[in-house]
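Let's look at a protein model together and ask where its labels come from. Have the picture open as you read.

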Amino acid sequence: MDLHHVTAFLAVAEELHFGRAAARLHIAQPPLSRTVQQLERHLGAPLFDRTTRRVSLTPQGEALVPAAYDIVRAFDAAERAVAYAGEGAVGTVSIGFAGPSSHPLISALAQRVRQDQPGIELALSSTTYGSEAIGQLADGTLDMAIVRWDATPPGMCSRVVRVDHFVIVVPESHPLAGRESVGMEELVDESWVFLEAATGSSLRDTAMRKAEQAGFTPRIVQQGPDTWTLMALVAAGVGLTLTVDTAFRNVITTGLSVIPLEGGREEALARLIWRTETTPAVDRVLELSEIALPTPEGYAGL
């Protein structure tokens with residue numbers, strides 16, 4: 001049994017008519033009939049009930065259909081793999097990211113890779129925050145990462161893929177709810193909820209730095225493992241938190257109020273970062289990222 005036997009069988013199984021199946025395959029009907037008969041002899045079972053008026057699948061034929069589709073798909077996948085390997089565009093590329101603000105970026109990149117280079121598999125790590133991601137890039141655990149980072153780490157390459165802005169999230173019942181903006185110095189007596197220090201979150205570091213610049217140390221009353229947990233804690237009135245505007249757009253907002261942080265709309269740069277030493281598959285994903293995640297105007301080279 002080879003591929004042309006399977007293709008012939010599927011054509012007849014789908015059409016349930018030898019004449020239409022032959023026309024679809026661009027061959028005459030007698031050679032198609034012989035090919036199906038050869039397959040039946042090989043398998044030792046009839047695959048079709050044939051009468052002068054109709055063609056139908058036998059139980060054995062019905063059982064063969066799913067396996068036949070698998071054979072065709074496997075053959076197609078093998079052809080693609082060989083073609084992509086010839087271009088260097090096959091393999092696995094590991095990408096780290098974290099938080100709801102990264103999800104639209106990852107979705108756009110994954111869609112583009114799947115569309116243009118199905119021979120490349122993306123291995124996604126969805127709980128990899130700033131400093132942890134940089135460390136995993138350095139030790140080779142990750143090939144690239146999307147993180148919020150001020151500058152390109154030593155020995156790596158990066159480009160800006162989105163510009164975010166800092167906001168303060170408070171319960172909707174908070175006295176500050178509804179304000180057009182708030183200064184960090186106004187939050188000196190507030191309770192705070194932050195991501196756990198072990199996550200290596202750059203947002204936590206930013207909040208601590210901004211509080212220090214405002215002359216106080218945040219009173220941390222609760223920590224959480226991810227942004228969704230933090231938002232639930234804020235909505236419950238446990239404390240407030242600092243995040244970016246895009247993060248808030250991708251989580252449940254019930255019970256929350258978002259206030260832009262004063263300070264000239266300071267920018268938080270989301271970067272795609274990768275090691276200088278790459279593979280052909282990584283190079284191809286980087287090329288596609290230029291299409292899926294273009295650098296915002298005015299931020300090239302930063």
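Here are some questions and answers about helix packing and salt bridges.

This is a predicted model, where local features need pLDDT of at least 70, side-chain atom pairs count only at pLDDT 80 or more, and totals for chains, interfaces and linings use all residues. Residues are numbered from 1 along each chain as its sequence is written, and side-chain values use heavy atoms, with hydrogens and water left out.

Q: Why are helix 1 and helix 3 called roughly perpendicular?
A: Helix 1 (residues 3-15) and helix 3 (residues 29-43) pack at an angle of about 110°. Angles of 65 to 115 degrees count as roughly perpendicular, so the two helices earn that name.

Q: What makes Arg 24 and Glu 14 a salt bridge?
A: Their side chains come to 2.3 Å, N to O. The rule asks for a side-chain nitrogen of Lys or Arg within 4 Å of a carboxyl oxygen of Asp or Glu, so this pair fits. Arg 24 is in helix 2 (residues 18-25) and Glu 14 in helix 1, 10 residues apart.

Q: Is Arg 24 buried, partly exposed or exposed, and how do you know?
A: Buried means under 20% relative accessible area, exposed over 50%, and partly exposed in between (1.4 Å probe, protein chains only). Arg 24 has 37%, so it counts as partly exposed. Glu 14, at 38%, is partly exposed too.

Q: What separates Arg 112 and Asp 116 in helix 5?
A: About one helical turn, because they are four residues apart in helix 5 (residues 103-116). Their side chains form a salt bridge at 3.4 Å, N to O.

Note on methods
Axes are lines fitted to C-alpha atoms, for helices over the stretch in contact, and angles run from 0 to 180 degrees between N-to-C directions. Angles under 35 degrees count as roughly parallel, over 145 as roughly antiparallel, 65 to 115 as roughly perpendicular and the rest as oblique.
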